[in-house]
Amino acid sequence: MGDFNLALVVVAIVVCVLVLLFNVYLLVNYQHPDDKNQAYFPKFVVVLGLSIAVISILMLPADVANRQACHHAIYNGSCNLTLPMKTLWLVVYIADAVFVFFFVPFAMFYYEGDQDKSVGRRLLSALLWVGVSVVACGLALGILYGTVGKVDFSVRHLSSAATTFPTSWTEFSRNQPCIGTSARQCAAYLATASESTWTMRASLPEYVVALATIVGSVLFTIFGGVGIACLPLGLIFSFIRRPKAVITRSQYIKEATELGKKAKELKKATEALRHDEKNGSKGRKWRKNVKAVEKELLLLEDDMKALEEIYPQGERAETAWAMTVLGYVGKLVLGVVGLIVSVAWVAHIVIYLLIDPPLSPFLNEVFIKLDDLWGLLGTVAFAFFCFYLLMAVVAGAMMLGMRLVFITIHPMKWGATLMNSFLFNVGLILLSSISVIQFCATAFASYAQATAAQEIFGHNLQSLRGIKYLYKYNIFPYTLVALAAITFLYYLTFGWRKKKPTARFQLSS
């Protein structure tokens, strides 16, 4: 068997099956009642897309475990690796790119198509939209790969004089380890070094992964930078703004009446937009009004839920209020834990990535010590920190969607999530997962050293022509830390305030 680790193969198969079953469970429990027993193709895309994203995150710990099976090997080439990780990385990430740029958009176009049209016409319309997107992406990829799809490695040349092989080693000692009379200064060290650039053509699969990583890095930096702060702080300030006691029946009737009026206004606005859609008036103003209505509907649902919390009804009203109180306490606990993780992430980025040379390995050293304590402990902690970044991306997209008109809102709610929201978040997670892995491979370089992921996302990606400067000057980490700081200050300034009642809603004319 040599270095082959059968347990690693068994664990990889079991984890893939568990991930698939868990994603099916999420789909069943999060889906909207209107989507039950229908929309099977979008559901298939959601389950398989989420599985690819989760497995891609788990592949980096697997890559580390795969390399640790060769800890007795003197060099990498002498080891019979258990899993062909470089091939698996390329397969997973090309599948990721195909899902992001083909299957997810196709499923969204088909699902959001006009329900009055036949299935054939909806399929044809979705194929046309996706076909145009694929041709545009293919042309852009071909032009970029043909012109700048090369890797520029900086090479340092060192030379040394040669000597006959000695018959005895008496002339060498701790104080004289090199040939010659200069102690501790070998000929190659003393020689004048010259640097040059070694250029080679990048493979097409690696270039596809690189471009997808760049696109994902932009989204990851914006949404992740905002989300890494708003994810824990949103939970903490939700506890601070919690209702302190139940309201009276008269207060409930007053609040319910106001919500009813707002619901009627939104119904009229929705009917007007539907009328404009049938008349073909789907311009820029129409799309802006649709997003505004979606935002108001989401706020209305939140207000209704909040009203139900502060005025529980039925035979188990006291139990419902107790569960509400416990729910807010749970948010506080999760928020504090998340805040610790977010602070650890930001501190690690500053200490290990932005300061050159790094002040400390920090989390790298933590994971290594956890592995020494128990084999899987460091791997589990590492996977948790990577998953946390993905959750931050979704939280950041939700927060910005609520405050910026040009970002569409796609909330994930238990038992009330439509397939288009599922597909949007799956696409966002798939696209961001590539960047999360690249970011983790860089941030945890000491922990993930000598892995296939580091070869792909480290040396090759950071040496691609035109792209390498984004990584050379740490553009993405600086932007992420800056957005996290701005979001943190925003929550400290406005997060504690209770939401004011919104004015009467009107469509923009």
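Reader: Which residues does Trp345 touch, not counting residues up to four places away in sequence?
Author: Happy to start there, keeping in mind that this is a predicted model. Trp345 is among the residues with the most contacts inside the largest nonpolar core. Leaving out residues up to four places away in sequence, Trp345 touches Ile228, Phe385, Tyr388, Leu389, Phe439, Cys440, Ala443 and Phe444.

Reader: Which helix gives the most to the largest nonpolar core?
Author: That core has 81 residues, and Leu60, Trp89, Trp345, Cys440 and Phe444 have the most contacts inside it. The helix that gives the most to this core spans residues 419-443 and supplies 15 residues. The name you are after is H12.

Reader: How many residues are in the second, separate core?
Author: Let's look beyond the 81 residues of the largest nonpolar core. A second core is separate and includes Phe153, Ala202, Ala210 and Ile214. Its residue count is eleven.

Reader: Are helices H9 and H15 roughly parallel or roughly antiparallel?
Author: Good one to work through with the angle. The axes of H9 (residues 317-354) and H15 (residues 475-495) come within 11 Å and cross at roughly 150°. An angle over 145 degrees counts as roughly antiparallel. H9 and H15 are therefore roughly antiparallel.

Reader: How many nonpolar residues does the contact of H9 with H15 have?
Author: The crossing of these two helices, H9 and H15, is left-handed. H9 brings Val346, Ile349, Val350, Leu353 and Leu354 to the contact, while H15 brings Pro477, Tyr478, Leu480 and Val481. By class there are no polar and no charged residues in the contact of H9 with H15, and the nonpolar count is nine.

Reader: Is Thr487 buried or exposed?
Author: Thr487 has its place in helix H15. Leaving aside neighbours within four places in sequence, Thr487 is in contact with Gly225, Val226, Ala229, Cys230 and Met399. Its relative accessible area is 6%, and the cut-off for this class is under 20%. Thr487 is therefore buried.

Reader: How are H4 and H6 placed, roughly perpendicular or roughly parallel to each other?
Author: Helix H4 (residues 119-148) packs on helix H6 (residues 204-240) at an angle of about 115°, and their axes are 11 Å apart. Angles of 65 to 115 degrees fall in one class. H4 and H6 are therefore roughly perpendicular.

Reader: Which residues of H4 and H6 make the contact?
Author: H4 passes H6 in a right-handed crossing. From H4 come Leu141, Leu144, Tyr145 and Val148. By class, the contact of H4 with H6 has eight nonpolar, no polar and no charged residues. The H6 side of the contact is made by Leu204, Tyr207, Val208 and Leu211.

Reader: Which peptide bond is cis?
Author: Most residues other than glycine have a negative phi, and most peptide bonds are trans. For the exception here, look at the loop between H9 and helix H10 (363-373), where Pro357 is found. With omega near -5°, the cis bond runs from Asp356 to Pro357.

Reader: What is phi of Phe362 near?
Author: Phe362 also has its place in the loop between H9 and H10. At 29% relative accessibility, Phe362 counts as partly exposed. Phi of Phe362 is positive in a residue other than glycine, with a value near 50°.

Reader: What is the positive phi of Asn474?
Author: Asn474 sits in the loop between helix H14 (468-472) and H15. Asn474 is not a glycine, yet its phi is positive, at about 55°.

Terms used:
Residues numbered from 1 in each chain as written. Predicted model: local features only at pLDDT ≥ 70, side-chain atom pairs only at ≥ 80, totals over all residues. Heavy atoms only, no water. Axes fitted to C-alpha atoms, helices over the stretch in contact; angles between N-to-C directions. Helix = DSSP H or I, 4+ residues; strand = E, 2+ residues; numbered from the N terminus. Parallel < 35°, antiparallel > 145°, perpendicular 65-115°, else oblique. Left-handed = near helix turned anticlockwise from the far one by under 90°. Contact = heavy atoms within 4.5 Å. Nonpolar A, V, L, I, M, F, W, Y, C, P; charged D, E, K, R; others polar. Core = buried A, V, L, I, M, F, W, Y, C linked by side-chain atoms within 4.5 Å. Buried < 20%, exposed > 50% of the residue type's maximum accessible area, 1.4 Å probe, protein only.
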